There are 2 protein chains.
Amino acid sequence: MVKILQNDTSPEKILAAAKKVFLSKGMAGARMQDIADEAGINKALLHYYFKDKEKLFEMIFSDASKQFFPKIAEIIDSKANLFEKIEKFCREYIDMLQQNPYLPLFILNEVNAQPLNFKEKFWKNREPVFLKFSAQIDKEIKNKKIKPVNPAHLFVNMISMCIFPFIGKPLWMIVSGMDEIQFRYFIEQRKTEVAQFIIESIKK
Amino acid sequence: MVKILQNDTSPEKILAAAKKVFLSKGMAGARMQDIADEAGINKALLHYYFKDKEKLFEMIFSDASKQFFPKIAEIIDSKANLFEKIEKFCREYIDMLQQNPYLPLFILNEVNAQPLNFKEKFWKNREPVFLKFSAQIDKEIKNKKIKPVNPAHLFVNMISMCIFPFIGKPLWMIVSGMDEIQFRYFIEQRKTEVAQFIIESIKK
DNA sequence: GTCTATAACTCGATAGAC
DNA sequence: GTCTATCGAGTTATAGAC
C-alpha cells in the first residue's frame, strides 16, 4: 500500500496535534501531555523533535499568523473597482475563518500578551497593507465615487465585522439561541451581508 | 484620621489586585504570587480570604461580566427614536470599554473556554436583550423608517465595531503606526463614528 | 488577621534502555 | 526513533507560630 500523503510521520502528527491544542487552549493553558495524547505518542518524543514547548508553540504561531494576515495587497492592487474589492475581501476572509474558527482568538491573545515580541518576529518587512487601502479610499473620495469617510475607521469596521463573530461565537449562540447549524448559516450569510452593509454606508 | 472610603482592607486590596492580574493574564496565565505581590500581602492571606484560586477567579469574573453585559434594555425601552438609541448605545458602551480595555478579551476567553459553565452560572434569568432589539428593528422596517435589514446581522455588526478595536488594539497600533495618544483619539472618534456608519447604512 | 515554612502536586524536560 | 522512569522547577494550598 502506497502512502499518497505523508501526513502520518511523527513530526507531522505532533504538529497537527499541537495546532489543535494550542489554538483552543493558548500557550499558558496547553499541556505537553495534552499534545502527546492528541498525537498518540508520548511526551519525550515531543522534546526529541521540537526541543521545548516554546519552540513548538512558535512553529504553530508562525504558521497561524501566515493564515491570519490575509494577502490583501493583491486584492487592492487588482483592477476591480472598490466595491468589488470589498465584496471579495469579506467573502474570502470570512470563508477562511470559517475553516479556522479558533485563529482570531489565538492570534490576538498572543499579540496582546507579547506585542513587542510579535512586532519583532512577525511584523518585519510586511506590506504596508493599511496604507495601500487608505490611499485607495482617499482616491475614491477625491473622484467622488464614495462619500467622504475616514479610511482608518472604515478599515477597522470591516475587519471587526469579519473577525468578531468568530471570537464571540459561543456567547452569540447563547444570546441568540442559535445551534451549530443555524450559526453556520448565519456565517454563510455574512459572507455577502458584511460587504453590503459597508457599501450601503459609503456609496453616494 | 477618618477613612472615608474603606478600600484598603485586605479583602478589598486582594480583589483589586486579582482583577488587575486576572484581566491582563487570564486564569491560566495568572499566578497567586503575582496577585499577592500586587496587593502587597502574602500568598497565605489570599487563601485565608478566598479559599482557592478558582473561587477568587469566579468573584472577579462575576463582577466583570456585570460590567460587560450592558444594561441595553433600558436604552431600548426608552422613548428616544432608533437612531438616537444607536448613538447612545455606541457612545456609552465604547466609553465604558475605554475605562476597562481588558474586559472584552478576558470575558470572551472564559466564555470560549467553558461555554456551558458560563451559560449555567451567568446567563440564567437574563433580559432577552437581542429579542427586544430585534422586535424594534422589525417594527421600524414595517413603518418604513429604515431599509429592510436582518436584525441579527445589524446587532452583531454594532457589537463587533464597538468591542473589536479593544481586542485588536496592540495589533492595530502596530499596523497603523499609532501611539497611545493617537489610539486614544481614534477611540474617542469612534464614539460617534460607529453610530454614524450604521445609520448611513440603514437609513432610507 | 498575618506571617513563615513547607507539604503536595503539576508539569516541562532529561536520562537511559531498547 | 520511541519508550519508561524520573528529576527538578514552579505553583497551589496548608500547618502552625505570633
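How many residue pairs are in polar contact across the interface of chain A and chain B? The exercises below treat this and related matters.

This is a predicted model, in which local features need pLDDT of at least 70, side-chain atom pairs count only at pLDDT 80 or more, and totals for chains, interfaces and linings use all residues. Residues are numbered from 1 along each chain as its sequence is written, chains are lettered from A and ligands numbered from 1 in the order in which they are written, and side-chain values use heavy atoms, with hydrogens and water left out.

**Exercise 1. Describe the interface of chain A and chain B.**

Step 1. The rule finds 13 residue pairs in polar contact across this interface, with both residues at pLDDT 80 or more. A polar contact is a pair of N or O atoms within 3.5 Å; within protein, one must be able to donate a hydrogen and the other to accept it, and residues adjacent in sequence count only if both atoms are side-chain atoms.

Step 2. Chain A gives 45 residues to the contact and chain B gives 45 residues, where contact means heavy atoms within 4.5 Å.

Step 3. About 4200 Å² is buried between the two chains, and carbon and sulfur atoms give 74% of this area. Buried area is the accessible area (1.4 Å probe) that two parts lose on being put together, summed over both. On the side of chain A, His153(A), Phe164(A) and Phe197(A) supply 17% of the area buried against chain B, more than any other three residues.

Step 4. Two salt bridges are found across the interface, a salt bridge being a side-chain nitrogen of Lys or Arg within 4 Å of a carboxyl oxygen of Asp or Glu. The side chains of Lys147(A) and Glu200(B) form a salt bridge, with 2.2 Å from N to O.

Step 5. The largest share of the side of chain A that touches chain B comes from α10(A), with 13 residues. Helices (H or I, at least four residues) and strands (E, at least two) are DSSP runs, numbered from the N terminus.

**Exercise 2. Describe how the two domains of chain A meet.**

Step 1. Domain 1 covers 10-63 and domain 2 covers 69-202 of chain A; such bounds come from an automatic or database domain assignment. Their C-alpha centres lie 29 Å apart.

Step 2. Nine residues from domain 1 of chain A and 10 residues from domain 2 of chain A take part in the contact.

Step 3. The two domains of chain A bury about 850 Å² between them, with 79% of it on carbon and sulfur atoms. Leu23(A), Glu58(A) and Phe61(A) lose the most area in domain 1, together 68% of what that side buries.

Step 4. The count between these domains is one salt bridge. Glu58(A) and Lys121(A) meet through their side chains in a salt bridge of 2.7 Å, N to O.

**Exercise 3. Examine the surroundings of DNA strand C.**

Step 1. Among the 15 residues around DNA strand C, those that come nearest are Arg31(A), Lys53(A), Asn42(B), Tyr48(B) and Tyr49(B). A residue is near a strand if one of its heavy atoms lies within 4 Å of it.

Step 2. Polar backbone atoms of Ala30(A) and Met32(A) are to be considered next. For Ala30(A), the distance to a phosphate oxygen of DNA strand C is 3.5 Å; for Met32(A), the distance to a phosphate oxygen is 3.0 Å.

Step 3. Lys43(A) has a polar side-chain atom 3.2 Å from a base nitrogen of DNA strand C.

Step 4. The largest share of the surface near DNA strand C, four residues, is given by α3(B).
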